[in-house]
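Work through the exercises below with the structure in view. Each task is followed by a solution in steps.

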Amino acid sequence: MEPAEAEFLAEKELVTIVPSFSMDRVHLIGGDLGPFNPGLPVEVPVWLAINLKQRQKCRLIPPAWMDVEKLEEIRDQERKEDTFTPMPSPYYMELTKLLLNYASDNIPKADEIRTLVKDTWDTRMAKLRLSADSFVRQQEAHAKLDNLTLMEINTIGTFLTQALDHMYKLRTNLQPSGSAESQDF
Amino acid sequence: MAEAYFPVGPGLGPEENFLSLDDILMSQEKLPGRAESNLPRLAFALGQGSGAGSGDSIPEGSKLEIPMWLAKGLHDSKRRLISVELPKIYKEAWRTVFSADANVVDLHKMGPYYYGFGSQLLNFDNPENPEIAQCILQTFINRFRRIMDSSQNAYNEDTSSLVARLDELERALFQAGQKGLNDFQCWEKGQASQITVSSLVQNYGKRKFTEMDG
């Protein structure tokens, strides 16, 4: 899967906006999008929020976790723990990128938020690499990692699965081959 | 970007992949060996042209350098045509070097197909086979960390110094790691939604119509 696909899946998450137009309830296949009244907050999927924001028809309200103190707490907790801490949203990286690119004027201290999220990302990736290395080194058959997000899995996925494939083939070399198929002539 | 061309990877077990280019190149690597019986009229083929009589037979017991594909074909425990020895990097001395620290070895110089060639060597009955197999596996495991770290952290840099000491299998892994990193960075910069030229087509220069005549 590519990062763009992960971003596409992330756009289904709900975010609060304050529209500046009015419209009745819209019935879409995925669900209803509630009636829009100017000045009243309403929850919509991110894809719609970004679109409306680009057309200057709404104002975005950042999600509760996108706040400097909260993110500092999350980052410090991530650094303390050896395992992965649960993230406020399974798509935190994608949402950060989308919201900060398109709606940075609605989000206070956007640059600090970007830095904090990047720090958390770096810590998690380092933990992921450490655990991948110990997994390979001890030749375990099974590993369980909680609280990983899709984007992190994507970035390291291809590399790790290929390396494990190679290791598996090299391991089957250790067993002496049972059936020697040779043609005598 | 989604790949349009998937090359066939090398088979790492006792059998190689017939269609894999890596395996074809790997089996061209030479092994030291000896002729166990007289091989008439094969002197020119096995590179002994300047030896005893041009184009004549190879006497019994003479030392040869045989490519792997030929060694596998001629190897037979009943009709002893040739016997093979292990190349020096699979021998005891180098095995201890690998077990001490696998990261310092320049695997590209030691035959760019260390893992593939080593796996093929297990085909020949040799009392040291289990140790060789174990050594190859341990080398891979020990070098894995460095490949992972270097491939996932070198963005937009010249990586030639990082890959110089890796063999072909490790280089392919390095590419995979780089690709993951590059895709992520490119997405983060917002370039993932820009339309770019496919890598397969990028090298087609514009050919003028007049060039195609005659």
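Buried residues, meaning those under 20% relative accessible area (exposed is over 50%, partly exposed in between; 1.4 Å probe, protein chains only), make up 39% of the 214 residues in chain B. This is a predicted model, in which local features need pLDDT of at least 70 and side-chain atom pairs count only at pLDDT 80 or more, while totals for chains, interfaces and linings use all residues. Residues are numbered from 1 along each chain as its sequence is written, chains are lettered from A and ligands numbered from 1 in the order in which they are written, and side-chain values use heavy atoms, with hydrogens and water left out.

**Exercise 1. Describe the fold of chain B.**

Step 1. Count the elements: chain B has 7 helices and 3 strands. Helices (H or I, at least four residues) and strands (E, at least two) are DSSP runs, numbered from the N terminus.

Step 2. Put them in sequence order, which gives α-β-β-α-β-α-α-α-α-α for chain B.

Step 3. Turn to contacts, that is, heavy atoms within 4.5 Å. Of the contacts in chain B with a separation of 6 or more, 67% join residues 24 or more positions apart.

**Exercise 2. Find the domains of chain B and describe how they meet.**

Step 1. An automatic or database domain assignment supplies the bounds: domain 1 of chain B covers 18-85 and domain 2 covers 87-191. Taken over C-alpha atoms, the centres of these two domains of chain B are 29 Å apart.

Step 2. Domain 1 of chain B brings 14 residues to the contact and domain 2 of chain B brings 11.

Step 3. Between these domains of chain B, about 1,200 Å² is buried, with 72% from carbon and sulfur atoms. Buried area is the accessible area (1.4 Å probe) that two parts lose on being put together, summed over both.

Step 4. Check for salt bridges, where a side-chain nitrogen of Lys or Arg lies within 4 Å of a carboxyl oxygen of Asp or Glu. The rule finds 0 across the interface of domain 1 and domain 2 of chain B.

**Exercise 3. Which residues of chain A lose the most area to chain B?**

Step 1. Start with the whole interface: 34 residues of chain A and 40 residues of chain B take part in the contact. The area buried between the two chains is about 3,300 Å², and carbon and sulfur atoms give 67% of it.

Step 2. The residues asked for are R129(A), F159(A) and L170(A), together 22% of what the chain A side buries.

Step 3. Add the charged pairing: there is 1 salt bridge between chain A and chain B. The side chains of D133(A) and R145(B) form a salt bridge at 3.4 Å, N to O.

Step 4. Assign the chain A side to elements: α1, α4, α5 and α6 of chain A each give two or more residues. The largest share, 13 residues, comes from α6(A).

**Exercise 4. Describe the surroundings of α4(A) and of S89(A).**

Step 1. In α4(A), 9 of 11 residues are buried, among them Y92(A), M93(A) and L95(A).

Step 2. The buried residues of α4(A) pack against elements of chain A, including α1 (3-10) and α5 (110-137), and against α7 (168-188) of chain B.

Step 3. S89(A) lies in the loop between α3 (68-80) and α4 (92-102) of chain A. S89(A) counts as buried because its relative accessible area is 5%.

Step 4. Beyond neighbours within four places in sequence, S89(A) contacts E13(A), W65(A), L95(A) and T149(A).
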